[in-house]
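Please look over the structure shown below before reading on. The report takes up salt bridges, a buried charge and a pocket in turn.

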Amino acid sequence: IGQKNIVITHIDNAAPNSTFVNFNSNWEPNKLVQVTASDAGAGLHTKAFRYFDGTSWSDWTDSNTYTANKNGNYKVEVRDALENTNSYNFEITKIDSKKPNVSVSFNDTNWEKNKTITVIASDDDSGLSTKAYCYYDGTNWGDWTSSNTYNVSKNGTYKVEVRDVLENTISKEFTISHIDNEKPSASVSFNDTAWEKNKTIALNASDAGSGLHTKAYRYFDGTNWGDWTSSKTYNVSKNGIYKVEVRDALENTISKEFTISHIDNEKPTISLSYDDNSWSLDKTITVTASDTGAGLHSKAYRYFDGTNWGDWTDSNTYNVSKNGIYKVEVRDALENTISKEFTISHIDNEKPTISLSYDDNSWSLDKTITVTASDTGAGLHSKAYRFSLDGINWSNWINSNTYSITANGTYYIEVRDMLGNSDIKSITIAYVDKIKPSVILNYDDST
């Protein structure tokens, strides 16, 4: 009787032989869990995965990813085509979808000019954001900030919003009702019909809130403010624009401006003309001045450059080459003076900023240089870029910020802004290869 051996190779009762669960270890509002599994026998089932969320199992699915929405203990079970299964336990601990804890503290019992609000906040999981606080002033929300204190200067309904690292937020509304920043009421009376050597100004003032201060009045003589006083009358001896300021017990103030025109001691009049709407390398300021009394001085003008006053000059034009706050002062023949402050903000003589990028880590037939440029003033020119092989001979200006090169070497890139301010950067390319390989053939020609 003959015998024959039979080899059986397609029996699979082994569980899937590899299960690996992977998810991010950082704080997140949920976790995406990825399962890696394989089976050396019959292969994985078409719906090989199911998940246990701590309470119930999901249906079998073909997805090897699972989204967990809360912390806890989870399981994944994997099956092959013959229902052999393997399971893996894993724990999720860094999901945070809870709002922070917040309370607001302030004193709204006493009358004050302003209130400081202190926000007490905490977060049990991912922690508060580095800029965790945002405040609503009754009209607009401010920017997010790291400050947990907020100052308000008027009564009203406010809000604070607090966020944690994962943008879970909570808001609190609070009402402020004991701020007194109402101005007193004031009126000024005087006789300026007849010409006189001086004038007496009478002031009538009241305050419906905390009441007038014991020293409620101070006066501006066109140049300086005087000390606070209890006197409601003020004597002036020259023409000009004056002010009186009145304060209440909480330092809320109101000012009144009045003009005296029938004293012969007038300052010159002055106006400024310049274009600060368009960008340029410099600005010319034109001063228009006149004086109805003694007339302008032969050297009537001097200019403040932000640091020092210049000498007096007869020129009514002034050239500036940088942005800043300037002043001009004008005098008449009797040394009566007036000054004006003006701000220049559209001068640009700064170079653009440039950075160059390219891939020089691998060999290739060519390289593309990408130029990243910006200009905080007038902005980049519409044709802002040009390129050179030697820094002497340049291409035409173009609007493209990329440059393709086919040979190794040092390249120069110049960038300009709308006013012609420019800067040059160089870059060296070393990984372009256009050299053919060398070939040597060996063969046996003896047969």
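## Salt bridges

A salt bridge is counted here when a side-chain nitrogen of Lys or Arg lies within 4 Å of a carboxyl oxygen of Asp or Glu. The structure is a predicted model, and by this criterion it holds twelve salt bridges. One of them joins E77 to R50, with the closest N and O atoms 2.8 Å apart, and this pair links distant parts of the chain, since E77 belongs to strand β5 (residues 72–80) and R50 to strand β3, 27 residues away. The two partners fall into separate exposure classes: E77 counts as buried because its relative accessibility of 13% is under the 20% limit, whereas R50, with a relative accessible area of 22%, is partly exposed.

Another salt bridge brings together the side chains of E245 and R218, at 2.8 Å from N to O. E245 lies in strand β17 and R218 in strand β15 (residues 212–220), so the pair ties together parts of the chain that are 27 residues apart in sequence. E245 is buried, at 12% relative accessibility, while R218 has a relative accessible area of 22% and is partly exposed. In the salt bridge between E112 and K115, the N to O distance is 2.7 Å; here the acidic partner, E112, is partly exposed at 31% relative accessibility, and the basic partner, K115, is buried at 2%.

## A buried aspartate without a salt bridge

What surrounds the side chain of D39, which is buried yet has no salt bridge? D39 lies in the loop between β2 (31–38) and β3 (44–52), and the nearest side chain of opposite charge, that of R79, is 11 Å away. That distance is beyond the 4 Å cut-off for a salt bridge, so R79 does not qualify as a partner for D39.

Backbone groups do come within reach of this side chain. The backbone nitrogen of G41 is 3.0 Å from a polar atom of the D39 side chain, and the backbone nitrogen of G43 likewise lies 3.0 Å from a polar atom of that side chain.

## The largest pocket

Where is empty space left? Rolling a probe the size of a water molecule over the atoms shows this. The largest pocket has a volume of about 590 Å³, and 25 residues line it, with I241, K267, P268, T337 and I338 lying nearest its centre. Four strands, namely β17 (240–248), β18 (253–260), β19 (269–273) and β24 (337–344), each supply at least two residues of this lining.

Which strand gives the largest share of the lining of the largest pocket? That share, four residues, comes from β24. By residue class, the lining of the largest pocket divides into six nonpolar, eleven polar and eight charged residues.

## A glutamate in strand β24

E341 also lies in strand β24. This residue is exposed, because its relative accessible area of 52% is over the 50% limit for that class. E341 and I325 are separated by 16 residues in sequence, and their C-alpha atoms are 7.0 Å apart in space.

Terms used: Residues numbered from 1 in each chain as written. Predicted model: local features only at pLDDT ≥ 70, side-chain atom pairs only at ≥ 80, totals over all residues. Heavy atoms only, no water. 1 Å grid on protein atoms, 1.4 Å probe; cavity = no way out; pocket = protein on both sides within 12 Å on 5 of 7 lines; lining within 4 Å. Points joined across faces, edges and corners; volume = space filled by probe spheres on them. Nonpolar A, V, L, I, M, F, W, Y, C, P; charged D, E, K, R; others polar. Buried < 20%, exposed > 50% of the residue type's maximum accessible area, 1.4 Å probe, protein only. Lys, Arg positive; Asp, Glu negative; His and termini not counted. Polar contact = N/O pair within 3.5 Å; in protein donor to acceptor, adjacent residues only side chain to side chain.
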